[in-house]
Amino acid sequence: MAKILIVEDEEQLARFVELELLHEGYEISKAFDGRVGLEMAEKENFDLILLDIMLPGLNGLEVLRRLQISNPTPTILLTARDAVMDKVSGLDAGAIDYITKPFAIEELLARVRVALKNHPKMIQDMVKQDTNPAASSEGQNTSESKNGKQSEGVYVWNKLVLDNKRHEVHYDGHLITLTNREFLMLETLLSNMDIVLSRDTLLMQVCGYDYIGETNVVDVYVRYLRSKIDDVYDVKMIKTVRGVGYVIRSTE
Ligand code: CA
């Protein structure tokens, strides 16, 4: 079950939110102080953090900034005031959402559900590996296959090479021209090799989490990618996992 950290100095509010989340089946930890909250979030891997902005010790935005460097974790900000600046700086600092106090508990629960669905921690972990070369050399591909991440921003699948820095994709030395979104989609699948990604997750990665529209745009991009890669080079790179989403497997 998802582990959630609540960092909120209004102890009654923290307790109330904790009870509601426990009732939903989540595992909960609490901190009433920014500094303590940061320490807990650095030590333990939470799936989600509910973070108040006005906190003793260290304010929420500072906690968020430091955590982005040490252990990026999906975070929803709790803002007491309806302060636009706080929200903007919060989102700039890497928060995925915010909710203004006082809030209806149903709204908070709904946002928690959406956050956990759209921002699974494994994606965050992959992003973290990207920024942490030490971690990527250990935790990466232990299989025999050479498929996967080859170096910083370079992903390989059989004869396909995606180079993020050059923003180029080659198959057996041939340049493949992709649109920005096709490129992003392919990069997301390659950087999460062997992990089945849901349409929602892919949509969030490719179109942004505030995208409002049909998730079948994901299927459309997959079709474009297949027509530019699979069909041309006679391979089956992107696998459909019925009822779930898509995956690129390292062993094929
Ligand atoms: Ca507060």
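A residue is called buried when its relative accessible area is under 20%, exposed when that area is over 50%, and partly exposed in between. The exercises below apply this and other terms to a predicted model.

**Exercise 1.** Determine which of the terms buried, partly exposed or exposed applies to Asp52 and to Asp9.

*Solution.* Step 1: Asp52 has a relative accessible area of 2%. This value is under 20%, so Asp52 is buried. Step 2: Asp9 has a relative accessible area of 30%. This value falls between 20% and 50%, so Asp9 is partly exposed.

**Exercise 2.** Identify the protein donors of the calcium ion and locate Asp9 and Asp52 along the chain.

*Solution.* Step 1: The calcium ion has as protein donors Asp9 and Asp52, each through OD, and Met54 through O. These donors lie 2.1 to 2.3 Å from the ion. Step 2: Along the chain, their spacing reads D-x42-D-x1-M. Step 3: Asp9 belongs to the loop between strand S1 (3–7) and helix H1 (11–23), whereas Asp52 belongs to strand S3 (residues 48–52). The two are 43 residues apart, and the pair thus links distant parts of the chain.

**Exercise 3.** Describe the largest nonpolar core and the contacts of Leu186.

*Solution.* Step 1: This core holds 30 residues; those touching the most other members are Leu160, Met185, Leu186, Leu190, Ile229 and Ile248. Step 2: Several elements each supply at least two residues of the core, among them strand S7 (154–157), helix H8 (180–191) and helix H10 (216–228). Step 3: Leaving aside residues up to four places away in sequence, Leu186 touches Leu160, Leu162, Val169, Leu178, Leu225, Ile229, Met237 and Ile248. Step 4: A second, separate core has 22 residues, including Ile96 and Leu109. In soluble globular proteins, nonpolar side chains tend to be buried together.

**Exercise 4.** State the strand order of the open sheet of three strands and place H8 relative to these strands.

*Solution.* Step 1: The order is S11-S13-S12, and the pairing is antiparallel. Step 2: Strand S11 (197–198) and strand S12 (238–241) are the edge strands, each pairing on one side only. Step 3: Two bridges join S11 and S13, and Ser198 stands opposite Gly245 in S13. Step 4: H8 lies across S11, S12 and S13, at about 70° to S13.

**Exercise 5.** Summarise the protein chain as a whole.

*Solution.* Step 1: The secondary structure comprises 11 helices and 13 strands. Step 2: Of the 252 residues, 47% count as buried. Step 3: The chain exposes about 12900 Å², of which carbon and sulfur atoms supply 50%.

Methods:
Residues numbered from 1 in each chain as written. Predicted model: local features only at pLDDT ≥ 70, side-chain atom pairs only at ≥ 80, totals over all residues. Heavy atoms only, no water. Donors = N, O, S within 2.8 Å, 3.2 Å for Na, K, Ca; no water. Helix = DSSP H or I, 4+ residues; strand = E, 2+ residues; numbered from the N terminus. Buried < 20%, exposed > 50% of the residue type's maximum accessible area, 1.4 Å probe, protein only. Core = buried A, V, L, I, M, F, W, Y, C linked by side-chain atoms within 4.5 Å. Contact = heavy atoms within 4.5 Å. Areas by Shrake-Rupley, 256 points an atom, 1.4 Å probe, with all protein chains shown as cover. Pairing = 2+ DSSP bridges. Axes fitted to C-alpha atoms, helices over the stretch in contact; angles between N-to-C directions.
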